[in-house]
Amino acid sequence: MALIDVRIAEIIDETPTIKSFRLVRTDGRPLGVYQAGAHVDVVGPTAITRQYSLCSKPEDPDAYTVAVKREEHSRGGSAALHALQVGDVISISEPRNLLGIDTDAAHHILMAAGIGITPMLSIARYLDLHGRDFTLHYFARSHEEAAFIGLLEEKCPQKLHTHLGIPRAEHEPIIRAALADAPTGSHVYLCGPEGFMDTVAGIAAETFPDDRIHQEAFTAAEQPGPEGNRPFEVELEGEVYPIPADRSIVEVLQEAGCGVDTSCQEGICGTCIMTVLEGTPEHRDNVLTKTEKAAGETIAVCVSRALTDRLVLDYY
Ligand code: FES
């Protein structure tokens, strides 16, 4: 994974627990425009890599902004980023987009909870700038803890529906009502904590086709232990590699010198996705959509395995 060195040009306390960091290249060149909804890998001072959505203006080539919530039980990633100062240098990847906007959609419903507002911010900016029809439902504990709420209230007050201080158990009827009102041809985009994502995705799946539900997870799926794994083989460019029960595809391929890029190693970032030419993957990631998993044409090789004795893979 090629990394870019960036300097922190500005830090803003968006809420008591969320800071935003405006990043510019250390060599003074522009970072380039990005697609709304994209995220980057951020490698902080502890060398821990985490994925953060870009929430600056997608059409601004000079700087990227990421917002980081300080996690209560941070293993070093978010806490170390919160300790950074203006002028410090960190590394980021090129943007990747798992939440692409369907520009043919008749209407866009954005559902965000907590820090999940970050990808929705760039998507809302894009939709607003291009005159697209959308609504944004934003769930947060309070106005004070809702990052970027002032900006949204100022820029798109008619599109914004805030749901503040509502207990998780009472989210379901609000989500149902939001989706029930959707015009025909709407697409749903969701991001937030796992429980919120599961609730929205479950309700949306009752009435929306899978290809109209767009989501981005920042937590890994629970992985079974190696005792439940079976060995299989992977063929890549004519070479066959045995994958034992206690090793991942990517571990074996990288050890053999194959150039497979990785980042999260948890099945959430999409860096390691490869093409499946033959065989049936056993998907264990949180990055491919239900439709992509059912098609069986791609696999996240850091966590997923095989249902067949051999997978024939190619680079993505
Ligand atoms: S390395 Fe992130 S999905 Fe595999």
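The following exercises, each with a worked solution, concern a predicted model of a protein chain.

**Exercise 1. Domains 1 and 2**

Task: Determine how the chain is divided into domains, and describe the interface of domain 1 and domain 2.

Solution.
Step 1. The chain is divided into domain 1 (3-93), domain 2 (107-215) and domain 3 (226-315).
Step 2. Between the C-alpha centres of domain 1 and domain 2 there is a distance of 23 Å.
Step 3. In terms of contacts, 17 residues of domain 1 meet 14 residues of domain 2.
Step 4. About 1200 Å² of area is buried between domain 1 and domain 2, and carbon and sulfur atoms give 70% of this area.
Step 5. The polar part is examined next. Two residue pairs are in polar contact across the interface of domain 1 and domain 2, while the count of salt bridges between these domains is zero. On the side of domain 1 that touches domain 2, β2 (18-25) and β5 each supply at least two residues.

**Exercise 2. Helix α2**

Task: Compare the reach of helix α2 with the expected span, and establish which of its residues are buried and what covers them.

Solution.
Step 1. Helix α2 runs over residues 117-129 and has 13 residues.
Step 2. From its first C-alpha to its last, α2 reaches 18 Å, close to the 18 Å expected at 1.5 Å a residue.
Step 3. The buried residues of α2 are Ile117, Thr118, Pro119, Met120, Leu121, Ser122, Ile123, Ala124 and Leu127.
Step 4. The cover over these buried residues includes the strands β4 (49-53), β5 (64-69), β7 (107-113), β8 (134-140) and β10 (186-191), together with helix α3 (149-155).
Step 5. After α2 comes Gly131, which has a positive phi, near 65°.

**Exercise 3. Ser56**

Task: Decide whether Ser56 is buried or exposed, and identify the contacts of this residue.

Solution.
Step 1. Ser56 belongs to the loop between β4 and β5.
Step 2. Its relative accessibility is 8%, so Ser56 counts as buried, the cut-off being under 20%.
Step 3. A polar atom of the Ser56 side chain lies 3.1 Å from the backbone nitrogen of Thr65.
Step 4. Leaving aside residues up to four places away in sequence, Ser56 touches Tyr34, Ala63, Tyr64, Thr65, Ser122 and Arg125. Of these partners, Ser122 is also one of the buried residues of α2.

**Exercise 4. Two leucines**

Task: Place Leu98 and Leu253 in the structure, and state the accessibility and contacts of each.

Solution.
Step 1. Leu98 is located in the loop between β6 (89-93) and β7, whereas Leu253 is part of helix α6 (residues 249-255).
Step 2. Leu98 counts as partly exposed because its relative accessibility is 29%. Leu253, with a relative accessible area of 0%, is buried.
Step 3. Beyond residues up to four places away in sequence, Leu98 touches His39, Gln215, Glu216, Ile268, Cys269 and Val287. Under the same exclusion, Leu253 touches Val234, Leu236, Tyr241, Cys258, Val260 and Met274.
Step 4. The C-alpha atom of Leu98 is separated by 7.3 Å from that of Gly37, 61 residues apart along the chain. For Leu253 and Pro242, eleven residues apart along the chain, the C-alpha separation is 9.7 Å.

**Exercise 5. Salt bridges**

Task: State how many salt bridges the whole structure has, and examine the pairs of Asp27 with Arg25, Arg310 with Glu233, and Glu282 with Arg284.

Solution.
Step 1. Side chains of opposite charge can pair when their charged atoms come close. The search of the whole structure finds 13 salt bridges.
Step 2. In the salt bridge of Asp27 and Arg25, the closest N and O atoms are 3.0 Å apart. Asp27 is partly exposed at 42% relative accessibility, and Arg25 is buried at 18%.
Step 3. Arg310 and Glu233 meet in a salt bridge at 2.8 Å, N to O. This pair links distant parts of the chain, 77 residues apart: Arg310 is in strand β18 (residues 310-315) and Glu233 is in strand β12 (residues 232-236). Arg310 is partly exposed at 33% relative accessibility, as is Glu233 at 30%.
Step 4. The side chains of Glu282 and Arg284 form a salt bridge at 3.3 Å, N to O. Glu282 is partly exposed, with a relative accessible area of 25%, and Arg284 is buried, at 12% relative accessibility.
Step 5. Finally, Arg25, Asp27 and Arg29 are joined into one network by salt bridges that share partners.

Technical notes
Residues are numbered from 1 along each chain as its sequence is written. This is a predicted model: local features need pLDDT of at least 70, side-chain atom pairs count only at pLDDT 80 or more; totals for chains, interfaces and linings use all residues. Side-chain values use heavy atoms; hydrogens and water are left out. Helices (H or I, at least four residues) and strands (E, at least two) are DSSP runs, numbered from the N terminus. The expected span of a helix is 1.5 Å times one less than its number of residues. Buried means under 20% relative accessible area, exposed over 50%, partly exposed in between (1.4 Å probe, protein chains only). Contact means heavy atoms within 4.5 Å. Domain bounds come from an automatic or database domain assignment. Buried area is the accessible area (1.4 Å probe) that two parts lose on being put together, summed over both. A salt bridge is a side-chain nitrogen of Lys or Arg within 4 Å of a carboxyl oxygen of Asp or Glu. A polar contact is a pair of N or O atoms within 3.5 Å; within protein, one must be able to donate a hydrogen and the other to accept it, and residues adjacent in sequence count only if both atoms are side-chain atoms.
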